[in-house]
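Work through the exercises below with the sequence and the model side by side, and try each task before reading its solution.

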Amino acid sequence: MKTCQIAFSKLIFLVIIFMLGCANNLSKLPSATQYSSVTTSVDDYQYLIGPGDNLSIFVWRNPDISGSFIVRPDGKVTTSLVEDIEVSGKTATMLAREIEEQLGKYINNPRVTVSVTNFKGPLSEQVRVIGEATNPSAINYTERMTLLDLMIAVGGLTEFADGNNAKLVRIIAGEQKSFSLRIGDLIKNGDIEENIDMLPGDIIIIPEAWF
C-alpha cells in the first residue's frame, strides 16, 4: 500500500513538472495595436464614427438612396448604391465627402449630409479606468472631459486605492507615454490643481495601497 502511495505521489509530481514546463513554453502574443486619436487637443475635439452608431445619410434630391443606417461591428454600412462603405474612425464630414465621391459614379454632382445619433464611437476613443476605482469602466469621451469628470463617472476611489500613485497612459504621435497622477489629493483633499484634461483613448490605472 505504501509503495502505491509513493508511486502515485511521484506520478503527481511528474504531472506538475510537465504542466509547468508546458506553461513556460507557451508563446506570447504581440501587444495590442495602438491607435492614435485624431483629437490631440481639448480645443479641437472631433467625434469619430464607430460600430453601433446610427447614421442618417441624406442625399439631396435623392430620397430613394437616403436613409438611416446602423454601423456594423466591422465598421461598415451598406447603402442602396454603394456596398460596404468603411465608416468607422471617420468624422461625419469626412464620410459625407467620401460618399459624394463614390455616388459621383452614378449621380451627377451629388450632395451628401451625414448626421450621427445613438453615439457609440470606436472603442479606441473611449477613456478607460482600471484598478481601484469604485466602478472600473470604459467611458465614452465627451468634449472637454476632465479627470474629475471621469472619476465622478466611475464612482471615485475604493478604500484600498493608492490614488496618489495612479498613472495616465496616453498615445502621443503613435508612442505610448505614461504620466503620474495624484487622484487622492484631487478627490479627498479637493486639490483642484491636480485636475487635468482628458483626451480620447486615455487609460487611467489606479493601484492598490500597501498598508
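**Exercise 1: the nonpolar core**

Among the 22 residues of the largest nonpolar core, those that touch the most other members are L147, L150, I183, M198, I204 and I206. A nonpolar core is a set of buried Ala, Val, Leu, Ile, Met, Phe, Trp, Tyr and Cys residues joined through side-chain atoms within 4.5 Å, and buried means under 20% relative accessible area, with exposed over 50% and partly exposed in between (1.4 Å probe, protein chains only). The model is predicted, so that local features need pLDDT of at least 70 and side-chain atom pairs count only at pLDDT 80 or more, whereas totals for chains, interfaces and linings use all residues. Residues are numbered from 1 along each chain as its sequence is written, and side-chain values use heavy atoms, with hydrogens and water left out.

Task: find which elements give two or more residues to this core.

Solution. Step one is to list them: β6 (127–131), α3 (147–153), β8 (166–172), α4 (183–188) and β10 (203–206), where helices (H or I, at least four residues) and strands (E, at least two) are DSSP runs numbered from the N terminus. Step two is to pick out α3, which with three residues gives the largest share. Apart from this core lies another, of 19 residues, including I65, V82, V87 and L103.

**Exercise 2: the enclosed space**

Task: state which residues line the largest cavity.

Solution. On a 1 Å grid over the protein atoms alone, a cavity is a set of points where a 1.4 Å probe fits but cannot get out, and lining residues have an atom within 4 Å of a point. The structure holds one cavity of 30 Å³ or more, and the largest has about 50 Å³ of space, a volume being the space filled by probe spheres set on the points, which are joined across faces, edges and corners. Its lining consists of I57, V59, I65, T79, S80, L81, V82, I85, I99 and L103, with β1 (54–59) and α2 (92–103) each giving two or more residues.

**Exercise 3: a threonine in a loop**

Task: decide whether T39 is buried or exposed, and find what T39 contacts.

Solution. First, place T39 in the loop between α1 (2–24) and β1. Next, read its relative accessible area of 3%, which means that T39 is buried. Finally, leaving aside neighbours within four places in sequence, T39 is in contact (heavy atoms within 4.5 Å) with D44, Y45, Q46, L199 and P200; a polar atom of the T39 side chain lies 3.1 Å from the backbone nitrogen of Q46.

Technical notes: On a 1 Å grid over the protein atoms alone, a cavity is a set of points where a 1.4 Å probe fits but cannot get out, and a pocket is an open set with protein on both sides within 12 Å along at least five of seven lines; lining residues have an atom within 4 Å of a point. A polar contact is a pair of N or O atoms within 3.5 Å; within protein, one must be able to donate a hydrogen and the other to accept it, and residues adjacent in sequence count only if both atoms are side-chain atoms.
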